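Me: I would like to go through this structure step by step, with some reasoning behind each answer. Could we begin with what a contact is, and then turn to helices and salt bridges?

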Amino acid sequence: MSSAYYELLKGIETRLKAGIPLRDALEGLEADGRGALAALAGALRSQIEAGATLAQALGDLPVSAPSAHAALVDAGESSGRLDETLADIIAEENILADARRRLQLRLAYPLLICCLAFLLPFLYLVFQGRTSEYLLIQACFFGPLGALLLLVFFRHRFFPRGSGPRLLFEHIVLVVPFFGRLAQEYALAGSLQLLGRLLQAGLGYADGLPLVSEAAGLQRLSLQFKEMAAGIADGASASEGLSRITGIPLELRSRLASGDVSGTMDQALIKSGAELREAALARLETVVKVLPILAYLLAAGLVLWRAVSVFSGLPGGF
């Protein structure tokens, strides 16, 4: 995600709260900003001057922005709460960015140990003049690792939304033990929060659910929200419609049913989505805490294997 994109949203939100019109706010950001920020502000200003709404202009920006943002901004413009909507988007991104930083810091150490475990124990091959064998071992480890990192960071480019490879990738991820459930809960949490914020901005289910379906991170989840929209259109209540969405814990379903009755469904959805996301991130962090132990065991196993092969005179595989 481009940092300039969020700097742009922050700048717009700050100027709107100060009473500056949107066009003047963008002109100021274009004049005061530098590099990518100024370019994005100029692109937005040009499209708005041509008659586009801010939501339409954001959707056409040459950056990878969440599709949910355009939906939220569209709702904020329609309800006259654009500055509050932008503040919500920024606050949500700060929470997610902090969670990503924590996970990256926790992953850095075990990843370093794993890399050293493959780099150092086999270094003797270089001194024996068997450099090609050493490089082959490193390629067998660092090649798949590099490919995995590329898929993680550029997944939207490699697997465009709605494409066959994207659907296959989703299917593979969802059947992986633990991580499949984690991915489903994380996507569901974002969808519930988005629906709540759209309702809070004044949209009804008829307008909000198609936007949520379009922005859902998983194709299976997108289809379930379409089924929910069809059920509500046929006369079902919101809580009855949510029964078509799998993966919502029982205690959260009770809260959503109460919110439907009391007329506070928007708050119930936002709170439930936040709790579901925090629970998923907590489980992921627990797994990440165990990774250093596994990395140490891997390193110790490789060193022990090499030591045994040397002192016993048995072939060590190389």
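Reply: Contact here means heavy atoms within 4.5 Å. Please keep in mind that this is a predicted model.

Me: Which residues of H2 meet residues of H1?
Reply: On the side of H1, the residues taking part are Leu8, Gly11, Ile12, Arg15 and Leu16. Their partners in H2 are Leu22, Ala25, Leu26, Gly28, Leu29 and Asp32.

Me: How many residues in the contact of H1 with H2 are nonpolar, polar and charged?
Reply: Leu and Ile count as nonpolar, Gly as polar, and Asp and Arg as charged. Sorted in this way, the residues of the contact between H1 and H2 are two charged, two polar and seven nonpolar.

Me: Is H1 oblique or roughly parallel to H2?
Reply: Two packed helices are described by the angle between their axes and by the distance between those axes. For helix H1 (residues 3–17) and helix H2 (residues 22–32), the axes lie 9 Å apart and the angle is about 130 degrees. Angles over 145 degrees would count as roughly antiparallel and 65 to 115 as roughly perpendicular, with the rest, apart from those under 35, being oblique. H1 is therefore, with respect to H2, oblique.

Me: In which hand does H1 pass H2?
Reply: The hand depends on whether the near helix is turned clockwise or anticlockwise from the far one by less than a right angle, and clockwise counts as right-handed. The crossing in which H1 passes H2 is right-handed.

Me: Which residue forms a salt bridge with Asp88, and is that residue buried or exposed?
Reply: The salt bridge of Asp88 is formed with Arg197, and the closest N and O atoms are 3.9 Å apart, which is within the 4 Å that a salt bridge requires. This pair links distant parts of the chain, since Asp88 lies in helix H6 (residues 82–119) and Arg197 in helix H11 (residues 179–200), 109 residues apart. Asp88 is partly exposed at 24% relative accessibility. Arg197 has a relative accessibility of 16%, and because buried means under 20%, Arg197 counts as buried.

Me: How many residues apart in sequence are the parts tied together by Glu275 and Arg255?
Reply: The side chains of Glu275 and Arg255 meet in a salt bridge, with 2.9 Å from N to O. Glu275 belongs to helix H16 (residues 265–311) and Arg255 to helix H15 (residues 250–262), so the parts that this pair ties together are separated in sequence by 20 residues.

Note on methods
Residues numbered from 1 in each chain as written. Predicted model: local features only at pLDDT ≥ 70, side-chain atom pairs only at ≥ 80, totals over all residues. Heavy atoms only, no water. Helix = DSSP H or I, 4+ residues; strand = E, 2+ residues; numbered from the N terminus. Buried < 20%, exposed > 50% of the residue type's maximum accessible area, 1.4 Å probe, protein only. Axes fitted to C-alpha atoms, helices over the stretch in contact; angles between N-to-C directions.
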